[in-house]
Every structure is written in C-alpha cells, then in structure tokens.
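This report introduces a structure to a reader who has not met it before. Please look over the sequence and the model before reading on.

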Amino acid sequence: MKLSKMHLKTLREVPNEAEIPSHILMMRTGMIRRLASGVYGFMPLGWRSIRKVENIIREEMDATGAQEILMSAVQPAELWQDSGRWFAYGPELWRVKDRHGRDFCLGPTAEEIFTDIVRTDVTSHRQLPMNLYQIQTKYRDEARPRFGLMRSREFIMKDSYSFDKDEAGLDVSYQEMYDAYTKIFNRCGLTFRPVEADTGAIGGSNSHEFTAFSEVGESEIAFCEKCDMAATVERAECVDAPASDAEMLPLEEVHTPGTKTIEEVAGFLGMTEDQTIKALLFVTYDDEQKENGYVAAFIRGDRELNMIKLVNALDIPEHSIEFADEEKIGAVTGCVGGFTGPIGLHDCTIVVDSELVGLKNLVAGANKEDHHIKNVNYGRDYKGDIVVDIKNLKEGDPCPVCGAPVKHTRGIEVGQVFKLGTKYSESMGATYKDENQKDQLIVMGCYGIGVTRTVAAVIEQHHDENGIIWPMSVAPYHVIITLMKPEDEVQAEVAERIYSELGKAGVEVLLDDRKERPGVKFKDADLLGIPVRITVGRGAADGMIEYKLRREADKEELTIEAGIAKAIEIVNNEK
Ligand code: ATP
Ligand code: MG
C-alpha cells in the first residue's frame with residue numbers, strides 16, 4: 001500500500017477522554033474512530049491488526065478441531081428466559097424491541113444460542129465431543145465504558161463452546177482450550193498469565209482468566225512467588241486468622257461517643273482494628289427491581305469485604321444488591337448507622353465471615369447510638385445465616401496454598417475459560433442418548449477472547465513515547481519504506497523496486513511516498529510502529545539503503561539486495 005493513497009488520518013491532539021497509552025495511540029494513529037461512548041469503528045490500520053489477531057485465533061482454534069460458525073448478534077429474549085438469564089444478566093444486557101414489541105437483545109455472549117444449537121441438533125453420544133466457535137461482535141451496555149477498546153460497549157469477541165458426554169470429557173476440552181489460548185496470546189506477543197477466576201454471570205464451577213500484565217489493567221491479581229498460586233482478587237481464597245483459645249469474657253456495653261469508623265472506635269478503646277467487627281449493610285432487589293430484603297455482612301475490622309464472594313454466598317446477581325440507606329434499614333432491622341453490630345439485629349440476612357467464628361472477645365457496634373459492646377463472641381452472642389469467606393486476600397496476607405506472603409499485580413483480562421458443567425444443558429434441556437439409549441445432559445465449557453481488547457493490550461505492552469512498537473505477528477504492515485525524496489527519480493525507482501520485491505515475497509509493505517518532509521515521515525513511521533523501516537535516501541544512487549527495526553535504536557547501511565533479504569528473513573521468522 002502506498003501511503004499517498006491510503007486513508008490515514010493521524011492526530012496530533014487526542015480528546016481528553018483518552019487516558020491510557022493504547023487508547024491515545026489508537027486515536028493518534030487513526031486506527032479507531034469513535035461513534036458514541038464505547039462504540040468504535042475500525043479504520044484501515046486498526047482493522048488489519050484486528051484481523052491478524054482473529055486469524056491467529058482461527059488457526060489455533062481450528063488446530064484443536066473446533067469448527068467456526070457465525071450466529072446473529074441479535075438474540076431472541078425467549079432463549080435468555082429459558083436459561084434464566086434475561087434478568088440475571090442485568091442492565092449490561094442491551095435489550096431491543098422489534099416493531100411488534102417482541103424482546104431481543106444484542107448478544108453480550110452466546111451460551112443460550114449455542115446450547116440451543118446442540119439441543120436441537122445433537123441426539124447421539126456419537127456426535128460428541130464437539131466444539132463450535134464464532135468471531136462475532138458483542139454488545140454490553142457497560143456502566144463505565146472507557147479506555148477505548150479496552151472496555152467498550154460494542155466489541156469483537158471470539159466465543160467457543162465445548163460439548164462433552166461427561167466431566168472427564170470436559171476436562172480434556174478445557175485443557176485443549178487452555179493450551180490453545182496459551183499459544184494464541186504468545187503468538188500475539190503478550191506477556192500474560194492464566195489465573196484462577198470467579199465464574200461471574202456466566203456460571204459454572206471452574207475458570208481461568210488469561211491476564212496480560214499491565215498497570216492500566218482492571219483485573220487485580222493475587223499471586224505467590226513461592227508457589228504457583230495466582231488468582232483474581234475477586235476469586236482468591238483467604239486464609240482465616242487462627243482461632244483463639246482465649247476464654248470468653250462477659251459482654252460489656254461501653255460508651256463510645258462519635259466513634260463511627262473502625263479506626264475511631266479502635267483508637268478510642270485503645271485496641272487494634274483486628275479486635276473489632278466491621279458491619280456492612282445492603283439492600284437487595286428482585287427481578288422487577290423492587291426491594292426484597294436486607295443483608296448485614298460482618299468481617300474483622302481490618303479486613304475488606306469482597307463483594308463477589310458476598311453475592312456468590314447469597315446466590316444473587318451482582319446488580320441486585322446495593323449499599324443500604326442506614327436510616328431506612330435501621331427502622332426495620334434495629335441497626336444504627338456507625339454503631340451496627342450482630343447482636344440483636346433482626347429481619348435481615350446475616351452473613352458472617354468464616355474467620356469471625358474462631359476469634360474471641362471482639363468489639364462490635366451495640367445497635368445503639370454512641371455505644372459499642374466488648375467481648376462479642378460467635379456462637380454465644382450471635383450467629384450467621386451464612387458463614388463463609390467474604391473477605392479480600394490482601395497483599396502480604398498468607399498464600400492460601402503455601403502460606404508465603406502474597407503479592408498483588410494488575411492486568412488486562414484478554415480471555416477467560418469456564419467449565420460450565422450442566423448449568424445450561426439443564427436449564428435449557430440439552431441432552432443426548434448414551435450407549436444404552438438413556439438421556440444424559442450434555443456437559444459444557446465456554447471460552448472467550450476479547451479480540452479488540454487483545455489489540456489494545458498488545459499496544460499497552462509494546463509502545464514507547466514515540467508510538468506503537470508492533471510485534472510482527474499483529475502489525476498492520478510488516479515493513480515501511482520511507483522514501484525521502486519522491487521527486488528524485490533514482491530514489492523513487494529504488495523504493496518502487498524494493499516495494500515490489502517485498503510484495504512478491506509475501507511481505508506486507510507500506511511505501512511512504514507522500515510529499516512530506518523526511519522528519520514528518522520518520523515521526524509517522526515511529527508512531528505507526530511498523531516493525532521494519534527501510535529508508536531510501538541519497539545512498540540509493542550508490543545502491544545503498546538504511547535498515548532499522550522499530551524496537552531497536554541502531555540503524556544499518558545495507559545494499560538494496562541485502563536490505564530486502566534481511567527484511568524478508570525477519571518477517572518470515574516472526575510473522
Ligand atoms: P470484564 O471482567 O473485563 O468485564 P468479563 O469477565 O465480563 O470481562 P467475559 O464474559 O469473560 O468478560 O468475556 C470474554 C472476553 O471478552 C473477556 O475476557 C474480555 O477480553 C472481553 N471483554 C469483555 N467485556 C469487554 C468490553 N466491555 N470491552 C472489550 N472487551 C471485553
Ligand atoms: Mg471474563
């Protein structure tokens with residue numbers, strides 16, 4: 001492609017909303033074009049890189065025997081009602097009505113569609129196992145679309161679904177996808193790690209997130225340097241503090257005026273925060289968004305509540321719970337804002353963090369203005385309706401596997417694999433007949449890759465202050481020929497020759513033949529991040545060019561032939 005002919009609009013100034021390097025660079029290089037909040041179109045360079053990622057995914061998926069299909073992005077509500085997710089998916093589900101008032105959604109994922117395919121098409125055990133996938137535009141009406149392609153409302157996702165006869169089959173399918181994902185993200189040039197993850201709105205039992213390391217990532221990962229434990233903080237198990245064998249002391253109400261926070265009450269009583277109980281109050285909603293109950297969660301004073309663990313314990317969707325208005329909930333449950341404790345609460349679900357069961361003589365709110373109670377003990381003084389781990393694993397806490405202090409890091413979730421088991425085949429009735437003609441539920445897995453997010457993640461990991469530094473495998477073009485003086489006949493002719501020879505060798509080449517100053521061309525070449533730059537300048541008359549890799553500072557003077565050969569070699573090795 002000749003730059004003089006290409007639709008390329010680089011920007012010097014980008015809108016303020018672009019905060020992170022990938023977003024800024026995709027706007028500056030004109031790869032993407034914003035249509036609405038979280039809705040983007042892809043311009044020539046952007047689309048080429050997206051297709052490169054898609055093709056890597058295709059090759060690796062096909063190599064596992066998975067079959068590509070394409071379902072519509074428009075999905076009938078009935079299927080979502082069948083699976084029970086029409087409500088459970090919440091406000092992210094982009095609902096639309098047709099002219100007859102029938103409900104549809106723009107698919108955020110496609111478990112229902114694929115389960116529907118197998119429930120009608122698969123009858124015999126001979127048809128299993130099977131893996132179907134698609135690369136399709138997905139829609140999620142995200143609460144906070146941001147960071148360009150990183151969290152958009154319309155994005156491209158590869159989603160695949162495996163169908164097996166039993167759990168053992170699923171284990172094999174899952175491992176195949178896990179291995180394919182490892183190959184895919186390696187080929188995309190990402191530094192990443194698969195980590196244990198929560199199963200969220202998708203459901204199921206076992207899951208891994210593939211996380212590309214990055215400071216701007218929205219996934220917080222807890223990992224251990226001593227063993228190989230790695231999990232999202234949402235998911236990471238927490239080790240309870242050891243139970244205390246201290247004697248239970250008698251309850252004692254104390255006057256603690258104005259001490260509404262854990263820090264204040266601990267300071268006031270001369271205790272540490274881990275000797276207190278923290279209360280968090282919530283209201284829950286039903287399918288019609290009507291209030292249907294209150295929840296009081298209790299954790300040790302120095303801990304942080306893990307919202308995902310709490311909603312999992314309550315078995316409700318994340319969007320159907322909110323912090324409660326203390327005055328309103330107080331009138332029903334007897335709690336008092338800032339002085340809430342577990343003793344004497346009523347008409348609410350009490351969720352107690354597992355660790356509190358073994359701890360002795362803690363301080364809790366007295367459900368009475370300006371008062372706390374000392375020596376509160378689980379069992380003797382209060383009980384939980386649910387007792388389970390609902391706290392965050394913090395940096396420095398003991399690793400749940402080996403006990404060493406854990407570390408935290410941030411990353412971008414580029415893919416996720418789930419063992420769904422029979423969740424969808426049960427709710428939607430997808431069965432097959434086994435060898436004995438008996439009906440059995442199909443055992444499923446699902447596997448997603450954010451294609452557009454992956455492109456953004458690659459840029460996050462591969463850029464410098466001058467622009468993108470594409471890995472060869474996903475670069476929109478492999479080589480850029482920077483022609484210094486297009487009006488110089490010798491230079492123009494040499495550039496054309498290199499352009500055509502590289503093209504013949506299967507190298508994707510950009511020829512910068514624009515009538516621009518060399519400085520502008522060099523700047524643009526760096527900004528666009530094309531891996532190899534061949535500069536055709538004054539040396540052309542003597543048969544010489546300059547060869548430079550975007551990722552390295554050094555330049556090399558080479559003969560035209562040597563330059564061409566070198567470019568072909570590196571492209572073939574790395575593409
Ligand atoms: P997140 O936790 O970031 O919201 P998710 O866990 O809800 O993502 P999945 O349902 O696992 O997402 O979707 C599969 C993949 O699709 C994700 O791993 C991610 O790469 C991509 N993805 C999900 N939401 C978005 C989005 N809003 N914009 C771009 N890519 C997304
Ligand atoms: Mg996910």
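How many Å separate a polar side-chain atom of arginine 140 from an oxygen atom of ligand 1? The two atoms lie 2.8 Å apart. The model is a predicted one, and the sections below describe its ligand site, its nonpolar cores and two of its helices.

## The ligand site

The shell around ligand 1 consists of 14 residues, of which Arg140, Glu142, Arg151, Ser152 and Glu413 are the closest. Besides the pair formed with arginine 140, an oxygen atom of ligand 1 lies 3.0 Å from an N or O atom in the side chain of arginine 453. The backbone takes part as well: a polar backbone atom of valine 414 is 3.1 Å from an oxygen atom of the ligand. On its own, ligand 1 has 580 Å² of accessible area, and the protein covers 84% of this.

Two strands, strand 8 (154-164) and strand 21 (407-421), each contribute at least two residues to the shell. Strand 21 supplies the most, with four residues.

## The nonpolar cores

In soluble globular proteins, nonpolar side chains tend to be buried together. In this model, the largest nonpolar core has 57 residues, and the members that touch the most others are Met31, Phe185, Leu190 and Trp470. Helix 6 (residues 167-187) provides the largest share of this core, namely seven residues. At least three residues come from each of domain 1 (21-236 + 408-459) and domain 3 (477-574). Apart from this core lies another, of 27 residues, which includes Phe114, Leu128, Tyr424 and Ala430.

Leucine 190 illustrates the packing. With residues up to four places away in sequence set aside, leucine 190 touches Phe185, Ala212, Val414, Thr454, Ala457, Val458 and Gln461. Val414 thus appears both among these contacts and, through its backbone, at the ligand.

## Helix 2 and helix 13

Glutamate 54 belongs to helix 2 (residues 44-63). Is this residue buried or exposed? Glutamate 54 counts as buried because its relative accessibility is 8%, and the cut-off for buried is under 20%. Beyond its neighbours within four places in sequence, glutamate 54 is in contact with Trp47, Ile135, Ile156 and Val451.

Helix 13 (residues 518-528) has as its buried residues Lys521, Asp524, Ala525, Asp526, Leu527 and Leu528. These residues pack against several elements, among them helix 1 (21-28), helix 2, strand 27 (479-483) and strand 29 (532-536). Just after helix 13, glycine 529 adopts a positive phi of about 75 degrees.

Technical notes: Residues are numbered from 1 along each chain as its sequence is written. Chains are lettered from A and ligands numbered from 1 in the order in which they are written. This is a predicted model: local features need pLDDT of at least 70, side-chain atom pairs count only at pLDDT 80 or more; totals for chains, interfaces and linings use all residues. Side-chain values use heavy atoms; hydrogens and water are left out. A nonpolar core is a set of buried Ala, Val, Leu, Ile, Met, Phe, Trp, Tyr and Cys residues joined through side-chain atoms within 4.5 Å. Buried means under 20% relative accessible area, exposed over 50%, partly exposed in between (1.4 Å probe, protein chains only). Domain bounds come from an automatic or database domain assignment. Contact means heavy atoms within 4.5 Å. A residue is near a molecule or strand if one of its heavy atoms lies within 4 Å of it. A polar contact is a pair of N or O atoms within 3.5 Å; within protein, one must be able to donate a hydrogen and the other to accept it, and residues adjacent in sequence count only if both atoms are side-chain atoms. Accessible areas come from the Shrake-Rupley method with a 1.4 Å probe; for residues, only the protein chains shown count as cover.
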